[in-house]
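Q: Could you take a close look at one part of this chain for me, the stretch that UniProt labels as a winged-helix domain? I'd like to know how its strands and helices are put together.

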Amino acid sequence: MTAQEVRLCGLLLQEHFGEVVERIGTHLLRGGAQNLRTIANETNTPLDLVKKSLCVLVQHGACEFGSGRRGPGSPVEYRASCERVLRVLRYPRYIYTAKTLYGDTGELIVEEVLQRGHMTMSNTVKTVADRLTHNMEEGRSMEYSEVVSAFSKLVETHFLQRCPPVAEMGTAATSTTPATPSTPAAPASTSPPTAESNPDCYKLPHVTLIGRGKRRRSSDDSEEQRGGKKAKMDSESCGDEGIYWLVNFERFHQHFRDQAIISAVASKLDQTSSEIVRTMLRMSEVTTTQTAAYTQPLSANEIFRSLPPNYSISRPILDQYLSLLVDDPMEFVGKSGDSGGGMYVVNLQRALANLARATLESVVQERFGSRSARIFRLLLRKRHLEQKQVEDFAMIPAKEAKDMLYTLLSENLVQLQEIPKTPDHAPSRTFYLYTVNQLPTARLLLQHCYKTVANLIERRLFETKENKRLLEKSQRIEAILASLQASGAEPEQLTEVEEMITAPERQQLEALRHHINKLDSTENQVDETVFLLESYIFSTKTK
Amino acid sequence: MAGRGRGRGRGQMTFNLEDLGIGRGDSLPPTTFKPSPLFPPMPVQPVPLQTGEEVEYMLALKQELRAANKTLPFYIRRAAPKRDVDRYSDKYQSGEPKDSAIEWSPGHPPQVKQPKKPPVGKEEILTKLETLEKNEETVNSEEEEDGEKKKANEEEEQPEEEDYEEDFEEDTDYIMSYFDNGEEFGGDSDDNMDEATY
């Protein structure tokens, strides 16, 4: 947990859950596993606020609890997970992907489950149906069955999974268990159970949900709500109490990775090759584990049979495409055998490494110019080079090459390796070789990205704070306008209210909105780079 | 004595300047008179942002999520700071959570069986209803605009309070001002004493 990561996590927690949760969260992230009393004392927050924040964090999967280090009798310890908090940055991308795959219903389901941490299926279905009904025209409402079918599709393709069962706590004396369900289950294990360890994690519960979404009328709110609440209080149980679902981030990440590979192939080669790679990846979705270095071998016959029908290419052309893909220096596709017309695999690990390398090269190019990028690429290919050799291979005059190398060195993108000729490391008798190590450089860049996003968020908060008065005024006026329109006022009244904001204020508001939109969309874009680098670094870890 | 060598060439230092790489006759970088600027001019402009339908949709999603988070029960605010004097209007204005220890349920019924069930009073049912109402409202009103939501919440808070108050005060069907409890009797002016009393 680096300082930049903790800072970014703090800002994200503050935006989504408020200052109290932010304080507790950063304290846990910095301090490791702690028990309740320690947290309360060290952060000077009242105990019930600490409990609530821990509830919120556990609900969203950002914090885990386990028995203390001193044995089963010691108080419960809480551990926060930096990675999970950083996922919050990627929520819009997850929701948009769900929309492209499963339409509006899928999008709303994923949005609901992301916002609530984990939810039961019946709750999700009802809420989503209500929301969809709200957006439809008068007189039409959403059937529960449609939402249920979208939900089951998401579960079948593993985008949603069940929450892992909570391990039984030793003594129930310390009543600090948060509001997650505690099923009296598994024997106490030293590591917290993951969702995958549950054999039922993708099994839908047997629930019959019949009904339609309710349209909420804004006029007779309070009466209806109060009457409705009484009925809800009698806990209509739909038979799936205790089975909570959460979003399977790893599956989404697999999908993003596949998309990145396919678009790389499409931009380097052509559309048909990318379709072939897409088919190969689709066929090996279920047979490949998440951390596999390459997919299972697929024979050319199988690929030919599974190509989408609108891409009717003949068999010899498919073979030519496959051999092109194998020979390409990107090494996305490899040949692992000759049976069945040729066995082909997609090299996932190498693909990620190449994508990360391309990212690094493009960063150097944009920041330092194309000649520095040439030097950088040279060093990546040739590993260790002396200064003289760099000048020769890159075909750049000595003085400029020296300058660029020193700039890259000062930014830590290039390292210097000393090779002494004599036991006393005399500078005149030592080789100094320039080198680039891809993995540490990728880590460095990832930390830069975290710092960037944190700076963007801070700037956005600063801009909002500067113009708080103006924003509040415009919100109030919008509210007044909306209520006037709802109660049917004349256009003169509306224009009068609109004129309460003067023209320079309007301009200022426009500029502010433009800046905030820019900052937000920059955050989204930086997050794409973060995803690539994180996947690359993670793929090198698991060996 | 100490400043003797100052006027002639460079000052003497304890280490050899040539080792650092600054040889004789090389021009040193210009001396700085002030700290480096806060926003130095960038040598290269950054690449423009991506645009397109996808990017804008994700931007809108992000902003909606941020706004919606503030209304969910997961957003924990500190207790409002106590004002110096307790005011009468505090009873009628409970827009902000006065106390952080309010009845709070994160959106699904608690599964853990408590050994002692706390005695369920009327007040608790009412506050539970309020928070559950807020949950329902917040989930359903995510599509509406920010200002409207805030305004709507505040407005709904107040009519609810007034409803409760009206229930408590008006138990009878009679108008309260109609009842004269006789306190003014006998306080009339004494100027009409010459009227005969029967």
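A: UniProt, in an unreviewed entry, puts "domain: DNA-directed RNA polymerase III subunit RPC3 winged-helix" at residues 360-436 of chain A. Keep in mind that this is a predicted model. By secondary structure, residues 360-436 of chain A come out at 56% helix and 19% strand, and 11 Å separates the C-alpha atoms at the two ends.

Let's start with the strands. There's an open sheet of 3 strands in chain A, ordered S10-S12-S11, and its pairing is antiparallel. On the edges you'll find strand S10 (384-386) and strand S11 (415-420) of chain A, each with pairing on one side only. Going from one strand to the next, the twist averages 40°.

If you want to trace the register, look at S10(A) and strand S12 (residues 430-435) of chain A, which are joined by 3 bridges in the antiparallel sense. One handy pair to display is His384(A) with its bridge partner in S12(A), Thr435(A). In general, the strands of a sheet are paired through backbone hydrogen bonds, in a parallel or antiparallel way.

Now the helices. Helix H15 (residues 370-382) of chain A packs on this sheet and touches S10 and S12 of chain A, with its direction at about 125° to that of S10(A). Helix H16 (residues 387-394) of chain A also lies across S10 and S12 of chain A, but runs at about 95° to S10(A).

For context, here's another annotated stretch of the chain. Also from an unreviewed entry, UniProt lists "domain: RNA polymerase III subunit RPC82-related helix-turn-helix" at residues 8-66 of chain A. Residues 8-66 of chain A are 75% helix and 10% strand, with the end C-alpha atoms 26 Å apart. Strands S1, S3 and S2 of chain A form an open sheet of 3 strands in the order S1-S3-S2, with antiparallel pairing. Its edge strands are strand S1 (34-35) and strand S2 (63-66) of chain A. S2(A) pairs with strand S3 (residues 77-80) of chain A over 4 bridges, in the antiparallel sense. Within that sheet, Glu64(A) has Arg79(A) of S3(A) as its bridge partner.

For a helix-on-helix case, try helix H6 (residues 91-116) and helix H7 (residues 121-135) of chain A: their axes come within 10 Å and cross at roughly 125°. So H6(A) counts as oblique to H7(A). The crossing of H6(A) and H7(A) is right-handed. The residues in contact include Leu108(A) and Val113(A) from H6(A), plus Val128(A) and Arg131(A) from H7(A). By type, the residues of this H6(A)–H7(A) contact split into 5 nonpolar, 3 polar and 3 charged.

Terms used
Residues are numbered from 1 along each chain as its sequence is written. Chains are lettered from A and ligands numbered from 1 in the order in which they are written. This is a predicted model: local features need pLDDT of at least 70, side-chain atom pairs count only at pLDDT 80 or more; totals for chains, interfaces and linings use all residues. Side-chain values use heavy atoms; hydrogens and water are left out. Two strands pair if DSSP finds at least two bridges between them. Axes are lines fitted to C-alpha atoms, for helices over the stretch in contact, and angles run from 0 to 180 degrees between N-to-C directions. Angles under 35 degrees count as roughly parallel, over 145 as roughly antiparallel, 65 to 115 as roughly perpendicular and the rest as oblique. A crossing is left-handed if the near helix is turned anticlockwise from the far one by less than a right angle, and right-handed if clockwise. Contact means heavy atoms within 4.5 Å. Ala, Val, Leu, Ile, Met, Phe, Trp, Tyr, Cys and Pro count as nonpolar, Asp, Glu, Lys and Arg as charged, and the others, Gly among them, as polar. UniProt positions are given in the numbering used here, feature names are shortened, and annotations may be inferred rather than shown by experiment.
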